Amino acid sequence: MFINLEDKEIKFILENNYIGYLGYIYRNRPYIVPITYYFNKENNTITCYSGEGHKINAMRKNNAVSLQVASINSITNWKSVLVRGTFEQLFGSNAKAYLHKFSLGVKDVIMKQEHRTVNFISEFSSKIYNDDIPTVFIIKIEEFTGKKRHTIHA
């Protein structure tokens, strides 16, 4: 049996994960790719970054995007969230600020969930201060939904 997730459960899943599947459209065809993300609960956005290429060009042309995040324990015990929103590229100091918050946020999630430290924060910090910044973008959340399945076997 599938059950709808409440908003607080959806936000919990978004806050406590950092890998999702980004959906976008290019030439009237859907694409889905894994991406690292940070859920900014203060302004209800998803922050991501990428190098220039196919997905960035596609999202610039059609800014309707989605992000799917799942927490899967087994075939009968999982939760899945789907975010729908719009792509917005960030520039300059605004992009740097979001990238910094992204790196700190992802680091915190990894430390909390996986109980390990990560060193990539220094890689982001050097990019932020050397102006070697990747394409930073947010997904402005328009709506989200979620489902879960939890079956207890006797």
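**Cores, strands and aromatic contacts in a predicted model**

Biologist: In this predicted model, which residues of the largest nonpolar core touch the most other members?

Modeller: The model is a predicted one, and its largest nonpolar core holds 25 residues. Those that touch the most other members of this core are Leu14, Leu22, Tyr37, Ile46, Met59, Leu67 and Phe137.

Biologist: Which element gives the most to this core?

Modeller: At least two residues of the core come from each of helix 1, strand 2, strand 5, helix 2 (54-61), strand 6, strand 7 and strand 8. The element that gives the most, with four residues, is strand 8.

Biologist: How many residues are in the second, separate core?

Modeller: Apart from the largest core there is a second one, and among its members are Leu90, Ile110, Val136 and Ile138. The size of this second core is 12 residues.

Biologist: Why do the buried residues of helix 1 lie on the same side, and what arc do they cover?

Modeller: Helix 1 spans residues 7-15, and its buried residues are Glu9, Ile10, Ile13 and Leu14. Around the axis they are confined to a narrow range of directions, and therefore they fall on the same side of helix 1. In general, residues three or four places apart in an α-helix point the same way, because there are 3.6 residues a turn. The arc covered by the buried residues of helix 1 is only 135 degrees.

Biologist: Which exposed residues does the face of helix 1 turned away from its buried side carry?

Modeller: The buried residues of helix 1 pack against strand 1 (2-4), strand 4 (38-40), strand 6, strand 7 and strand 8 (135-150). One of these buried residues is Leu14, and beyond its neighbours within four places in sequence, Leu14 is in contact with Tyr37, Phe39, Val69, Val81 and Val83. The face turned away from the buried side carries the exposed residues Asp7, Lys8 and Phe12.

Biologist: How many bridges pair strand 6 with strand 7?

Modeller: Strand 6 (residues 64-74) runs antiparallel to strand 2 (residues 19-26), to which three bridges join it, and within strand 6 the bridge partner of Tyr21 is Gln68. Strand 6 is also joined to strand 7 by a hairpin of two residues, and Ala64 stands opposite Thr86 in strand 7. The antiparallel pairing of strand 6 with strand 7 (residues 77-90) extends over 10 bridges.

Biologist: With which side chain does the side chain of Ser80 make a polar contact?

Modeller: Ser80 is located in strand 7. Leaving out residues up to four places away in sequence, Ser80 touches Leu5, Gln68, Val69, Ala70, Thr145, Gly146 and Lys147. The polar contact of the Ser80 side chain, at 2.8 Å, is with the side chain of Gln68.

Biologist: Is Thr47 buried or exposed?

Modeller: Thr47 belongs to strand 5 (residues 45-50). Not counting residues up to four places away in sequence, Thr47 touches Thr36, Tyr37, Tyr38, Tyr98, Phe102, Val136, Phe137 and Ile138. Because its relative accessibility is 2%, Thr47 counts as buried.

Biologist: What is the geometry of the Phe2 and Trp78 pair?

Modeller: The whole structure contains five aromatic pairs. In one of them the rings of Phe2 and Trp78 have their centres 5.6 Å apart, and this pair links distant parts of the chain, with Phe2 in strand 1 and Trp78 in strand 7, 76 residues apart. Because the ring planes stand at 40 degrees, the Phe2 and Trp78 pair is tilted.

Biologist: What is the geometry of the Tyr26 and Tyr31 pair?

Modeller: The ring centres of Tyr26 and Tyr31 are 6.4 Å apart. Tyr26 is buried, at a relative accessible area of 17%, whereas Tyr31, at 30% relative accessibility, counts as partly exposed. Because the planes of the two rings stand at 65 degrees, the Tyr26 and Tyr31 pair is edge-to-face.

Biologist: With the side chain of which residue does the side chain of His54 make a polar contact?

Modeller: Tyr24, Tyr26 and Tyr31 form one aromatic cluster, and His54, which is in helix 2, touches Tyr24, Tyr26 and Tyr31 when residues up to four places away in sequence are not counted. His54 counts as partly exposed, at 36% relative accessibility, and from C-alpha to C-alpha His54 and Tyr26 are 8.6 Å apart in space, although 28 residues apart in sequence. The side-chain polar contact of His54, at 2.9 Å, is with Tyr24.

Methods: Residues are numbered from 1 along each chain as its sequence is written. This is a predicted model: local features need pLDDT of at least 70, side-chain atom pairs count only at pLDDT 80 or more; totals for chains, interfaces and linings use all residues. Side-chain values use heavy atoms; hydrogens and water are left out. Two strands pair if DSSP finds at least two bridges between them. Buried means under 20% relative accessible area, exposed over 50%, partly exposed in between (1.4 Å probe, protein chains only). The arc is that of the directions from the helix axis to the C-beta atoms. Contact means heavy atoms within 4.5 Å. Rings of Phe, Tyr and Trp (its six-membered ring) pair if their centres lie within 6.5 Å; planes under 30 degrees apart count as stacked, over 60 as edge-to-face and the rest as tilted. A nonpolar core is a set of buried Ala, Val, Leu, Ile, Met, Phe, Trp, Tyr and Cys residues joined through side-chain atoms within 4.5 Å. A polar contact is a pair of N or O atoms within 3.5 Å; within protein, one must be able to donate a hydrogen and the other to accept it, and residues adjacent in sequence count only if both atoms are side-chain atoms.
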